[in-house]
Amino acid sequence: MSVALTAPRLSRHGFAHGFSLRTGGASEAPFESLNLGRTMGDDPTRVAENLATFCEAVGCAPDRLFEVSQVHGRTVVDVKETDAVADVRAIEADALVTAVEGAAVGVRTADCLPLLLADPRTGAVAAVHAGWRGAAARVVEEAVERLVGVHGSRAEDLLAAIGPHIRLDAFEVSEDVAARIAESAHGARVVEPREPRPHADLAATVRAQLAHVGVRADRVEDVGGCTHAEPTRFFSHRRDDGRTGRHLSVIVARR
């Protein structure tokens, strides 16, 4: 049984990566079955088993997987050779970048948009957690700028992969939230005025932000999937009133 989706272009350029599905794991309801969230109330031994299953499928070592304490902001953590996994996990942030060969960076989601970035020239990578708050704060742009400014990437060289998240038809938001998302999209049409409330398009927002910082549209791919509309494949915080599991999206740096 498949446990992850992959982006063909990232695979062709030799980047081990994956966007987890909810299938193929050991957790029981309401976390069935590949829950990768440690703080949701699931049995920790099952979560550890799920993580081992996912990491084996992706091609990364669990003890080389770096995450942060996600807070829906725009802070980006740069993972270095000497960093400890536990220390990085305690940092409040919403994106990670690294150029350390073999180091994996990952973000957890259950409706928010996960974005993976990779530089085929340098091997540097990034993982970004972009819900509406992170998108409005332009965390995606901050991650690209960190790759460019710190690791010598060129924005036009970067590859970007958008993972499963709550899609336009399911993402009803308030007028205030719609305005904040629209303001962050550099003029792109990312909000639809529906009744009774507007709907927002996170993927379109992220694409607009990537374009704004120089990432080419033809180097952005979307693996598909609506977390809200596909309960057999995905966890959804909104659909399940918060009592659900978490997905993990991971990418591994290479030379």
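Q: Which residues does Glu 67 touch, not counting residues up to four places away in sequence?
A: Keep in mind that this is a predicted model. Glu 67 sits in the loop between strand S3 (65-66) and strand S4 (76-79), and its relative accessible area is 5%, so it falls under the 20% cut-off and is buried. Leaving out residues up to four places away in sequence, the ones Glu 67 touches are Arg 38, Val 88, Arg 89, Leu 96, Gly 106, Arg 108 and Leu 248.

Q: Which residues are the closest to the centre of the largest pocket?
A: Start with the space itself: the largest pocket holds about 700 Å³. Its lining is made of 25 residues, and the closest to the centre are Gln 70, His 72, Arg 108, His 129 and Arg 246.

Q: How do the lining residues of the largest pocket divide into nonpolar, polar and charged?
A: Here you just sort the lining by residue class, remembering that Gly goes with the polar ones. For the largest pocket, the split is eight nonpolar, nine polar and eight charged.

Q: Which helix and which strand each supply at least two residues of the lining of the largest pocket?
A: The lining has 25 residues to place, so to speak, on the secondary structure. Two elements each give at least two of the lining residues: strand S6 (104-109) and helix H4 (132-136).

Q: How many helices and strands are there in the protein?
A: Some of them have already turned up, such as strand S6 (104-109) and helix H4 (132-136) at the pocket. Over the whole protein, the tally is seven helices and 13 strands.

Q: Why does the protein count as being as compact as a globular protein of its length?
A: For 255 residues, the globule rule gives 18 Å. The protein comes out close to that, so it is as compact as a globular protein of that length, with a radius of gyration of 17 Å.

Q: What box do the C-alpha atoms of the protein fill?
A: Take the box along the principal axes. Filled by the C-alpha atoms, it is roughly 45 × 45 × 30 Å.

Q: What percentage of the contacts with a separation of 6 or more is between residues 24 or more positions apart?
A: For background, buried residues make up 54% of the 255 residues. Now take the contacts with a separation of 6 or more and pick out those between residues 24 or more positions apart: their share is 65%.

Q: What share of the accessible surface belongs to carbon and sulfur atoms?
A: The accessible surface of the protein adds up to about 10,400 Å². Of that, the part on carbon and sulfur atoms is 49%.

Q: Where is the cis peptide bond that ends at a proline, Pro 196?
A: Pro 196 lies in the loop between strand S10 (191-192) and strand S11 (199-200). The bond is cis, with omega about 5°, and it joins Glu 195 and Pro 196.

Q: What is omega for the peptide bond from Glu 32 to Ser 33?
A: Ser 33 is in the loop between strand S2 (17-20) and helix H2 (44-58). The bond from Glu 32 to Ser 33 is cis, and its omega is near -5°.

Q: Is Asp 111 buried or exposed?
A: Asp 111 is not a glycine, yet its phi is positive, about 150°. You'll find Asp 111 in the loop between S6 and strand S7 (113-118). Its relative accessibility is 9%, under the 20% cut-off, so Asp 111 counts as buried.

Q: Is Asp 241 buried or exposed?
A: Asp 241 also has a positive phi, about 55°, without being a glycine. It belongs to the loop between strand S12 (220-222) and strand S13 (247-252). At 71% relative accessible area, which is over the 50% cut-off, Asp 241 is exposed.

Q: With which residues is Thr 232 in contact, leaving aside its neighbours within four places in sequence?
A: Thr 232 lies in the loop between S12 and S13, and with a relative accessible area of 64% it is exposed. Neighbours within four places aside, its contacts are Arg 22 and Thr 23.

Q: How many Å apart in space are Met 1 and Thr 23, C-alpha to C-alpha?
A: Met 1 lies in the segment before strand S1 (4-5) and counts as exposed at 81% relative accessibility. Beyond its neighbours within four places in sequence, it is in contact with Thr 23 and Gly 24. Met 1 and Thr 23 are 22 residues apart in sequence, while their C-alpha distance is 7.2 Å.

Notes: Residues numbered from 1 in each chain as written. Predicted model: local features only at pLDDT ≥ 70, side-chain atom pairs only at ≥ 80, totals over all residues. Heavy atoms only, no water. 1 Å grid on protein atoms, 1.4 Å probe; cavity = no way out; pocket = protein on both sides within 12 Å on 5 of 7 lines; lining within 4 Å. Points joined across faces, edges and corners; volume = space filled by probe spheres on them. Helix = DSSP H or I, 4+ residues; strand = E, 2+ residues; numbered from the N terminus. Rg over C-alpha atoms; globule rule 2.2 N^0.38 Å. Buried < 20%, exposed > 50% of the residue type's maximum accessible area, 1.4 Å probe, protein only. Contact = heavy atoms within 4.5 Å. Areas by Shrake-Rupley, 256 points an atom, 1.4 Å probe, with all protein chains shown as cover.
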